[in-house]
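The following account leads from the definitions in use, through the chain as a whole, to a few individual residues. Please keep the model in view while reading.

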Amino acid sequence: MRQLVSDNFLDLLLDAVCAVSATGEFVFVNAAFERIFGYPVDEVIGRNMLEFIHPDDRAATVAAAQRVMEGHLQLHFENRYVRKDGRTVHIRWTARWVEQAKVRVAVAHDITELQRSRALQAALHAISEAAHTAEDLISLFEEVHRTIAGLLDARHFSVMLCDEAGLSLHPAYHAAPGGSPAQSIDLERAPALARLLHGEHVQPAPGEGDPHQLTVPLRAAGVAIGMLMLHSEGGYTQEDAELLHFIAGQVATAIDRKRMHVSLQALAERDQLTQLLNRRAFVERLAMAVRNAQDKSSELSVLFLDLDAFKQVNDNFGHDVGDQLLQAVADRLMATVRGVDVVARLGGDEFVVLLEQDLGGRGALLLGERIEQSFSLPFVVGEATLLVRPSVGAARFPVDALDAQQLLRLADAAMYEAKRKKATKGTSVASLAINVLPSAQSAGSGPVLN
């Protein structure tokens with residue numbers, strides 16, 4: 001027993017024991033060093049310890065070594081080393097300075113699995129939090145990317161989502177050095193991906209497929225919704241594949257939850273009849289636009305319009321026709337405004353349009369004219385052909401109003417003033433509401449309101 005202790009005791013230990021000179025060279029390592037770091041003893045002795053330390057941890061390690069040589073005990077110092085096979089190992093050190101031998105004696109305990117477990121737990125928590133806090137799907141994908149990049153090489157990273165039919169994958173998020181674009185994938189032309197997506201086989205082990213590519217399916221409630229795709233020049237291990245498979249379950253749940261949240265949020269913001277923004281959503285959007293205009297010293301305009309003789313449409317044709325007319329009006333407005341303009345239905349036959357960055361109100365003036373022109377064409381609703389006119393009013397920020405509420409109120413007042421002027425000129429819609437155009441009747445169509 002005494003002979004065993006004297007000759008082999010240090011080599012029986014599972015932790016690595018090292019002696020390092022004052023200038024940083026290894027002068028002794030026990031047998032466990034090779035198990036932990038991958039280097040046999042004869043490849044280590046005489047080499048500087050900094051050659052093995054992860055580049056990001058070298059400065060902190062040098063500072064810790066200096067404290068040890070000043071006589072301080074070093075307990076539980078953690079850093080990372082690069083194994084001979086290229087993998088990173090996490091080490092917890094205890095060390096002291098032996099003055100008589102002029103060496104640092106240290107014991108290294110491998111905590112790689114512990115750190116991996118901690119990192120995985122933190123990653124799952126971060127992804128779960130992002131599902132609740134991310135404003136939209138893109139924000140969620142960005143957080144997922146950052147989280148996975150803390151565990152794996154994710155410089156080339158894509159989130160691919162299935163189309164409704166499940167026949168193809170489309171890039172929903174893509175990041176790559178140089179900004180190279182991601183391409184959609186026709187699953188009929190990629191049978192291996194299709195089998196992987198639907199769970200017919202798992203990620204190939206290293207050596208069986210492309211070791212530089214890591215692709216895992218995203219499944220929520222047992223349904224395939226897409227894939228995570230990573231590429232690394234250094235390649236991936238089977239442990240990396242298993243890790244990403246585990247994380248993918250949380251990612252899929254987060255995507256499914258965010259999709260549902262976005263869908264419900266959109267539903268809450270939309271007028272159910274026309275699918276335009278509703279009053280509450282528009283008021284919020286207008287208030288935000290006013291704040292932005294204040295910050296940027298810019299201008300914006302609001303157009304407020306309602307339909308002349310709309311009550312007569314409901315009275316003469318019924319509310320079903322009235323609802324169809326409102327839907328047709330919403331479609332025509334969306335076809336008339338610019339893509340950046342915001343259109344909403346406030347209720348009844350009242351519609352509004354928000355024009356941001358509208359210097360001098362010129363955009364509102366031109367849009368008002370286009371809307372008047374677009375309404376010169378009749379609306380065909382079922383068997384009825386209806387010619388209805390809008391009354392349009394406008395207000396500008398900050399010329400007419402200094403807050404969103406006042407701006408909307410003044411645009412409403414301007415609309416009623418436009419309606420009053422029509423009546424003053426003898427074009428009261430009430431007197432013309434049920435006129436029938438003979439040409440329309442002779443053509444076999446229904447009544448025309450003008």
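Helices (H or I, at least four residues) and strands (E, at least two) are DSSP runs, numbered from the N terminus. The model is a predicted one, in which local features need pLDDT of at least 70 and side-chain atom pairs count only at pLDDT 80 or more, while totals for chains, interfaces and linings use all residues. Residues are numbered from 1 along each chain as its sequence is written, and side-chain values use heavy atoms, with hydrogens and water left out.

The protein chain contains 14 helices and 16 strands. Its C-alpha trace spans about 120 × 50 × 35 Å along the principal axes. The radius of gyration, taken over C-alpha atoms, is compared here with a globule rule of 2.2 Å times the number of residues to the power 0.38. For a compact globule of 450 residues the expected value would be near 22 Å, whereas the protein chain has 35 Å.

Burial is described by relative accessible area: buried means under 20%, exposed over 50%, and partly exposed in between (1.4 Å probe, protein chains only). On this scale, 41% of the 450 residues of the protein chain count as buried. Accessible areas come from the Shrake-Rupley method with a 1.4 Å probe, and for residues only the protein chains shown count as cover. The protein chain exposes about 23800 Å², of which carbon and sulfur atoms supply 54%.

Contact means heavy atoms within 4.5 Å. Among contacts in the protein chain between residues at least 6 apart in sequence, 54% join residues at least 24 apart.

Confidence is expressed as pLDDT, the predictor's confidence in each residue, from 0 to 100. The protein chain averages a pLDDT of 86, and 91% of the residues score at least 70. Over residues 1-5, however, the pLDDT is below 50, and this stretch has three contacts in the model beyond near neighbours in sequence. Residues 204-208 also have a pLDDT under 50, with six contacts beyond four places in sequence. Where pLDDT is low, the predicted coordinates should not be read in detail.

Which residues does Tyr81 contact, leaving aside its neighbours within four places in sequence? The list comprises Phe37, Met49, Phe52, Ile53, His54, Arg87, Thr88, Val89, Ile91 and Trp93. Tyr81 itself is placed in strand S3 (residues 74-82), and it counts as buried because its relative accessibility is 2%. The C-alpha atom of Tyr81 is separated by 20 Å from that of Leu120, 39 residues apart along the chain.

One of these partners, His54, is found in the loop between helix H2 (32-37) and helix H3 (58-69). His54 has 16% relative accessibility and therefore counts as buried. With neighbours within four places in sequence set aside, His54 is in contact with Arg80, Tyr81, Val82 and Thr88.

Ile91, another contact of Tyr81, is also touched by His109, together with Asp15, His90 and Arg92, not counting residues up to four places away in sequence. His109 belongs to strand S5 (residues 103-110). Its relative accessible area is 37%, so His109 is partly exposed. Between the C-alpha atoms of His109 and Ala131, 22 residues apart along the chain, the separation is 36 Å.

Further along the sequence, Ser298 occupies the loop between helix H8 (279-296) and strand S11 (300-307). Ser298 is buried because its relative accessible area is 13%. Beyond residues up to four places away in sequence, Ser298 touches Ala293, Gln357, Phe397 and Pro398. The last two of these are joined to each other by a cis peptide bond, with omega about 5°. Pro398 is placed in the loop between strand S16 (390-397) and helix H12 (404-424).

Backbone geometry also draws attention to two residues with positive phi. Ala221, a residue other than glycine, has a positive phi near 55°. Ala221 is found in the loop between strand S9 (213-220) and strand S10 (223-231), and it counts as exposed because its relative accessibility is 82%. Gln275 is not a glycine either, yet its phi is positive, at about 65°. Gln275 lies in the loop between helix H7 (238-269) and H8. With a relative accessible area of 44%, Gln275 is partly exposed.
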